[in-house]
Amino acid sequence: MERIMLYVEDTPGMATAATWTLRLAKGMSLRVFALSVVTPDAPRRRDTQTSDAEERAWSGLYEIEDDAFQKNVRISLLFETGDPLQKLISLSTSYDAELIVASADCRLTCSELVRQSSRPVVFVK
Amino acid sequence: MAKISELLPRSAIVLNLQSREKFDVIGELVRPLVAAGAITEESEFVSAIVRRENMESTGIGLGVAIPHARTKAVSSIVLAFGRSDSGVDFSSLDGKPSHLIFLIAAPEEQKTEYIMTLARLSKLLRKDEVRIGLNKAGSPDDVLRVIVQHES
């Protein structure tokens, strides 16, 4: 295994999932792709809501990047807007990630991710 | 928390980068920050930023790169901006060269401010109108005007 896709959300369990992923990546010399997806909201509220959500998303990604750097783990950050489940599935395929990691408290429908993904999925609690 | 425009000294805006290789470009952007006294140990800062560049891509796509480092060699958070007409290879995941390069230097102990500055800058640079404005800017004042106009 060479590449892991870490799905990043601002949930209480995210730090645990990120720590677990970086530890695994360090131990196995893997490259991590950290993905955050912002969902566009209703048009009238899009500007302000997406702005805040986007800043939080980037902040979460850079927190993990900084941690990865301290641990000598190679990481690439991916930021997308759209449907999180579809983006996660398509990008894990296009970046050839061999494992998807998400926090157990993420807002994705876990069963749908497992059903639709061609990659193994780990939920970290 | 300081705004992006408040962290970018006019003297650290280079509208016509001469270098084409990323580490030379970083050197071009570091020099004005050393001259301004924001980076106290040039070699220590450059080695931190080179180490990060060797581990990961700081090209975020859309023709933008944000090389960054947090070290004891920096006295306060500061930015430099460079524009390259020919583009510079920052190993962006989209495979495209970077034309707009923002360098962020931060002190070791200011992790939260550093992360927030990176996040706010990344968000800002995803706006088409900001990138268009920065590409068209004819002077450092124009660059600052574009940023002030669009940062919340």
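Ser91(B) is partly exposed, because 14 other C-beta atoms lie within 10 Å. On this scale a residue is buried if 20 or more other C-beta atoms lie within 10 Å of its own, exposed if 12 or fewer, and partly exposed in between, with C-beta atoms placed from the backbone. Ser91(B) sits in the loop between strand E5 (78-88) and strand E6 (98-107) of chain B, and its phi is positive, about 55°, although Ser91(B) is not a glycine. Helices (H or I, at least four residues) and strands (E, at least two) are DSSP runs, numbered from the N terminus.

The model is predicted: local features need pLDDT of at least 70, side-chain atom pairs count only at pLDDT 80 or more, and totals for chains, interfaces and linings use all residues. Residues are numbered from 1 along each chain as its sequence is written, while chains are lettered from A and ligands numbered from 1 in the order in which they are written.

**Loop residues of chain B**

Most residues other than glycine have a negative phi, and most peptide bonds are trans. Leu62(B), like Ser91(B), has a positive phi; for Leu62(B) the value is near 60°. Leu62(B) is placed in the loop between strand E2 (59-61) and strand E3 (64-65) of chain B. A further loop residue, Ala36(B), is found between helix H2 (22-35) and H3 of chain B. The table gives the exposure of these residues.

| Residue | Exposure | Other C-beta atoms within 10 Å |
|---|---|---|
| Ala36(B) | Ala36(B): partly exposed | 14 C-beta atoms within 10 Å |
| Leu62(B) | Leu62(B): partly exposed | 17 C-beta atoms within 10 Å |
| Ser91(B) | Ser91(B): partly exposed | 14 C-beta atoms within 10 Å |

Not counting residues up to four places away in sequence, Ala36(B) touches Pro9(B), Ser11(B) and Ala12(B). Contact here requires that the C-beta atoms of two residues, placed from the backbone, lie within 7 Å. Ala36(B) and Ala12(B) are 24 residues apart along the chain, and their C-alpha atoms are separated by 8.6 Å.

**Strand E6 of chain B**

E6(B) is largely enclosed by the rest of the structure, because nine of its 10 residues are buried. Two strands pair if DSSP finds at least two bridges between them. E5(B) is joined to E6(B) by seven bridges, and these strands run antiparallel; Val88(B) stands opposite Ser98(B) in E6(B). Strand E4 (residues 68-71) of chain B pairs with E6(B) in the parallel sense over four bridges, with Arg70(B) opposite Ala106(B). E3(B) also runs parallel to E6(B), joined by two bridges, and Val64(B) faces Leu100(B) across that pairing.

**Strands and helix of chain A**

Strand E2 (residues 31-38) of chain A is mostly covered, with seven of its eight residues buried. E2(A) pairs in the parallel sense with strand E1 (residues 3-8) of chain A over six bridges. From E1(A) the chain crosses through helix H1 (residues 14-28) of chain A to E2(A), and this β-α-β crossover is right-handed. A crossover has that hand if, with the strands pointing away from the viewer, the path from the first strand over the helix to the second runs clockwise. E2(A) also pairs with strand E3 (residues 75-81) of chain A, in the parallel sense over seven bridges. Ser36(A) in E2(A) stands opposite Val8(A), and its bridge partner in E3(A) is Phe79(A).

H1(A) has 15 residues, which should span 21 Å at 1.5 Å a residue; its end C-alpha atoms are 21 Å apart, so the two values agree. The expected span is 1.5 Å times one less than the number of residues. The buried residues in H1(A) are Met14(A), Ala17(A), Ala18(A), Thr21(A), Leu22(A) and Ala25(A). Seen down the helix axis, the buried residues of H1(A) fall within an arc of 125°, so they line one face. That arc is taken from the directions from the helix axis to the C-beta atoms. Arg23(A) and Gly27(A), on the other side of H1(A), are exposed. Just after H1(A), Ser29(A) takes a positive phi of about 55°.

**Contact between the chains**

The contact takes 13 residues from chain A and 14 residues from chain B. On the chain B side, helix H3 (42-55) and helix H4 (111-125) each supply at least two residues, and H4(B) gives the largest share, eight residues. By class, the side of chain B that touches chain A has six nonpolar, three polar and five charged residues. Ala, Val, Leu, Ile, Met, Phe, Trp, Tyr, Cys and Pro count as nonpolar, Asp, Glu, Lys and Arg as charged, and the others, Gly among them, as polar.
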